[in-house]
Structure formats: structure tokens, C-alpha cells
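The following questions ask how certain descriptions of a structure are justified. Each answer sets a value against the criterion that applies and draws the conclusion.

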Amino acid sequence: MGNVPITTCNKVLGCDFGGVSEVFCHASRSIRYNEEDVQLALRVVYAPMEDASAEFLKMGQEVLIAGIKKVQGWDPLTWRQERVARQQVTGQTSQLWPSLSESRFGRAHRAWSVEILASDGRGGVRNLPGLLQVAHARKDRELDKVKGAVQEISTVANYARRFNHHVAELAGEDPDVPAIRVATTVACFVLDGVNPEIADAGDTLLLTLFDAKNLTKFVFEGAEDFLELPQAFFHFVLWSSGGKELVADLQGIQQERDLLLVDPVLLTTGDLDISELLSLATSTGTGSDFQTCNRKRFNLWHPRCAQLCQSFDPQRRGGNTRRACGVPLPNCGVGGG
Ligand SMILES: [Zn+2]
């Protein structure tokens, strides 16, 4: 099974809909697109991420969406909502997976690979590959909810910048130090669309600059291949937030020595006492049920510390650190020897 094109609906997105300039609309078609292929006209309404590539998707930018396809290798994007749905059905009381009232983690959405067309500012049209995510429920397509998701992803990107700075300092002169990056995501308002199975005018959705055949879970439910860099980043977020935030569902692709994350989730933990996490992987410690739950999540999703963990959180016991990094890291033991 390869990529499956979405069935084109009979309606054709005309150049007379409001919001998108006619010049741009015609220009986009003169490049290579058939009318039937353009299915959505969007306007970027929230773009807080600072990134060079974000120039392409800045506030107020109008874009057209074409080439909408399901990609089988991207199925992991929706695993988390399936886990939460299963937890609800089976009535598990442990609540390991964040409930819908706690987080957007389990919010059901669909994901497609798309081509994004935007003006290049010089009379031409730029074309970049992207990921389009639309919530199942109409109420979850409201601006505030989608903005909240973008804000979360942007905050994870800020943590990643601090983490990369920390790793680079440890590596000293070594120019080949690996980094964690987060794919740029923006919130877009749907100006018009031709296929209600994708989205309707008035909806808000997530658009991410992303291109890959397959997507890998780096930190998700504890059974993933242990990779030094994402595991250390997972620990770093809780540590540097002072126990207030836990990053979840680290997924994406490896790009040479770097990792590019897409659509990570940030959970509020209710002020976990980090020192309690440090000693015993099986400890439930003290505190509220909510804190106990987050402590379990931390220990399950981060079954042991990477060597890098010790460089920012020396109290944490190294335990069974392994040397099989998966990501090329100087001697696989920056700061840990
Ligand atoms: Zn750790």
C-alpha cells in the first residue's frame, strides 16, 4: 500500500472566494496545479514559532492546500488518541494516558500529507510539503483550542533550544553535536474548501512544515528503542521546568545526526518533586493522585536515564545506561564519561 489520494469532490475551489487574492489564486494554478487539486484556502492566524522556515508561514499569510493524501507511514500520529480511547472503553482506573479533560493528548484528529502553495512575494508561488491535522469534533476546531496546541508545540521548541545549547556546551569544540528540532506548526483558519470530509470554511486547523515517508516514536509508551538524545530531552524538560511540565509523545524523523520532532504534547504535572523521581524507578512517592500518575508516566516513558541525563541532573542515578545511542553523540557519554 502506498499513498492513497483523497477522492476529489465535484466542487472546484473557485478563484472568487473571499480572502485569497485573485492574482495569487491564478498564479498558483499557472504553475502546475489543476483546479481539482486545490482543496482548501487557508489564512495563518497564529504563528508563534521562531524559525527561519517560518517565513513561509507567517501571520496573515494566505496559502492554498493541494495534493491531500493519506500516508500510511504517518499512522503513529494518531496512536495516542487510540490509546486514550481504549483506556476510556476499558475503564482503566490507572489513567496512565492523559484524559481528554487533562490534555489535548487524546483529542481525536486526522492527518494528511499536503502540498502548501504560497506567494513567494515576487509574483511567483512557493510550494512546500506539509502535514495537515484536523480535529474530528467540530468543537475542537475552534480557534482557542488550535492555538493552544500550537502554543504547546512552540513551548517544546523553546525547551529544545535550551537543551541543544546545553549539549553544545558539553561538546565544546565538536561541531558535529546532535540537536533536537521541532517542526514549525501554525494555526490556520479555513477561508474556503471544496471537500467537507477534510474541513469546512470557518474551521481552524494545524499546518506543519514536514516531509517524510515514515514517522518514528522516540518516547511514547516505554517500549521504543532506547535513544540517548530524545530520552535525555524528555528528562530535561521536567528538570528544567522545575517539575511542572512533562513532554509526551516525542515522534518524528532522524535527519542525519539531528532529530526533527513533530506535534509533541506538553503535560502539566502539578509540581512534581523531582528529587522523589530520582531514586526509585518504581516509587510512587507521595503527593496527590495526579502527581502519582505523572510520576508513573515519567518512569514508564523514561525507563532509565541516558548518560546525558547526569550532565544536567547529577542526582539521578545512571542505572542501566547503555552505550547504544542510536544517535551519534561524542563518545556517547557527554558529561558522563
Ligand atoms: Zn533521565
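Q: Why is His-302 called buried?
A: In this predicted model, His-302 has a relative accessible area of 0%. Buried means under 20%, so His-302 meets the criterion.

Q: How do you know whether His-235 is buried or exposed?
A: The relative accessibility of His-235 is 2%. As the limit for a buried residue is under 20%, His-235 counts as buried.

Q: What makes His-235 and His-302 donor residues of the zinc ion?
A: A donor is an N, O or S atom within 2.8 Å of the metal. His-235 contributes ND1 and His-302 contributes NE2, and the zinc ion is further coordinated by SG of Cys-305 and SG of Cys-309, at 2.0 to 2.3 Å. These four atoms therefore satisfy the cut-off for donors.

Q: Why is the arrangement around the zinc ion called tetrahedral?
A: Four donors count as tetrahedral if all angles lie between 85 and 135 degrees. The four donor atoms here subtend angles of 104 to 114°, so the arrangement is tetrahedral.

Q: How are the donor residues of the zinc ion spaced in sequence?
A: Their spacing is H-x66-H-x2-C-x3-C. The pair His-235 and His-302 links distant parts of the chain, being 67 residues apart. His-235 belongs to helix H4 (residues 228-240), while His-302 is in the loop between helix H6 (289-301) and helix H7 (309-312).

Q: Why is strand E2 described as largely enclosed by the rest of the structure?
A: Strand E2 covers residues 38-46, and seven of its nine residues are buried, so the strand is largely enclosed.

Q: How do you know that E2 pairs with strand E3 and with strand E7?
A: Two strands pair if at least two bridges are found between them. E2 and E3 (residues 62-70) are antiparallel and share five bridges, and six bridges join E2 to E7 (residues 185-193), again in the antiparallel sense. Both counts therefore meet the requirement. As examples, Leu-42 has Val-63 as its bridge partner in E3, and Val-44 stands opposite Cys-188 in E7.

Q: What makes strand E8 mostly covered?
A: Six of the six residues of E8 are buried. Thr-204, Leu-206 and Thr-208 point one way from the strand, whereas Leu-205, Leu-207 and Leu-209 point the other way.

Q: Which strands pair with E8, and what supports this?
A: E5 pairs with E8 in the antiparallel sense over four bridges, and E7 does so over five bridges. With at least two bridges required, both pairings therefore qualify. Gln-133 has Leu-206 in E8 as its bridge partner, and Cys-188 stands opposite Leu-205 in E8.

Q: What lines the largest cavity?
A: The structure holds one cavity of 30 Å³ or more, and the largest cavity has a volume of about 170 Å³. Its lining comprises 15 residues, of which Arg-104, Arg-107, His-109, Ala-135 and Leu-206 lie nearest its centre. The elements that give two or more residues to this lining are strand E5 (125-135), helix H3 (143-171) and strand E8 (204-209). By class, the lining has seven nonpolar, three polar and five charged residues.

Q: What makes the phi values of Asp-249 and Glu-256 notable?
A: Most residues other than glycine have a negative phi. Phi of Asp-249 is near 55°, a positive value, and phi of Glu-256 is also near 55°. Asp-249 is in the loop between strand E10 (245-248) and strand E11 (250-255), and Glu-256 is in the loop between E11 and strand E12 (258-261).

Q: Why is Asp-249 classed as buried, and why is Glu-256 classed as exposed?
A: Asp-249 has 1% relative accessibility, and the limit for buried is under 20%, so Asp-249 counts as buried. Glu-256 has 73%, and exposed means over 50%, so Glu-256 counts as exposed.

Q: Why does Val-194 count as buried?
A: Val-194, in the loop between E7 and E8, has 4% relative accessibility and therefore counts as buried. Its C-alpha atom is 9.3 Å from that of Ala-41, although Val-194 and Ala-41 are 153 residues apart in sequence.

Conventions: Residues are numbered from 1 along each chain as its sequence is written. This is a predicted model: local features need pLDDT of at least 70, side-chain atom pairs count only at pLDDT 80 or more; totals for chains, interfaces and linings use all residues. Side-chain values use heavy atoms; hydrogens and water are left out. On a 1 Å grid over the protein atoms alone, a cavity is a set of points where a 1.4 Å probe fits but cannot get out, and a pocket is an open set with protein on both sides within 12 Å along at least five of seven lines; lining residues have an atom within 4 Å of a point. Grid points are joined across faces, edges and corners, and a volume is the space filled by probe spheres set on the points. Ala, Val, Leu, Ile, Met, Phe, Trp, Tyr, Cys and Pro count as nonpolar, Asp, Glu, Lys and Arg as charged, and the others, Gly among them, as polar. Donors are N, O and S atoms within 2.8 Å of the metal (3.2 Å for Na, K and Ca); water is not among the atoms, so sites may look incomplete. Four donors count as tetrahedral if all angles lie between 85 and 135 degrees; four count as square planar and six as octahedral if opposite donors are over 155 degrees apart and all others between 65 and 115; anything else is irregular. Buried means under 20% relative accessible area, exposed over 50%, partly exposed in between (1.4 Å probe, protein chains only).
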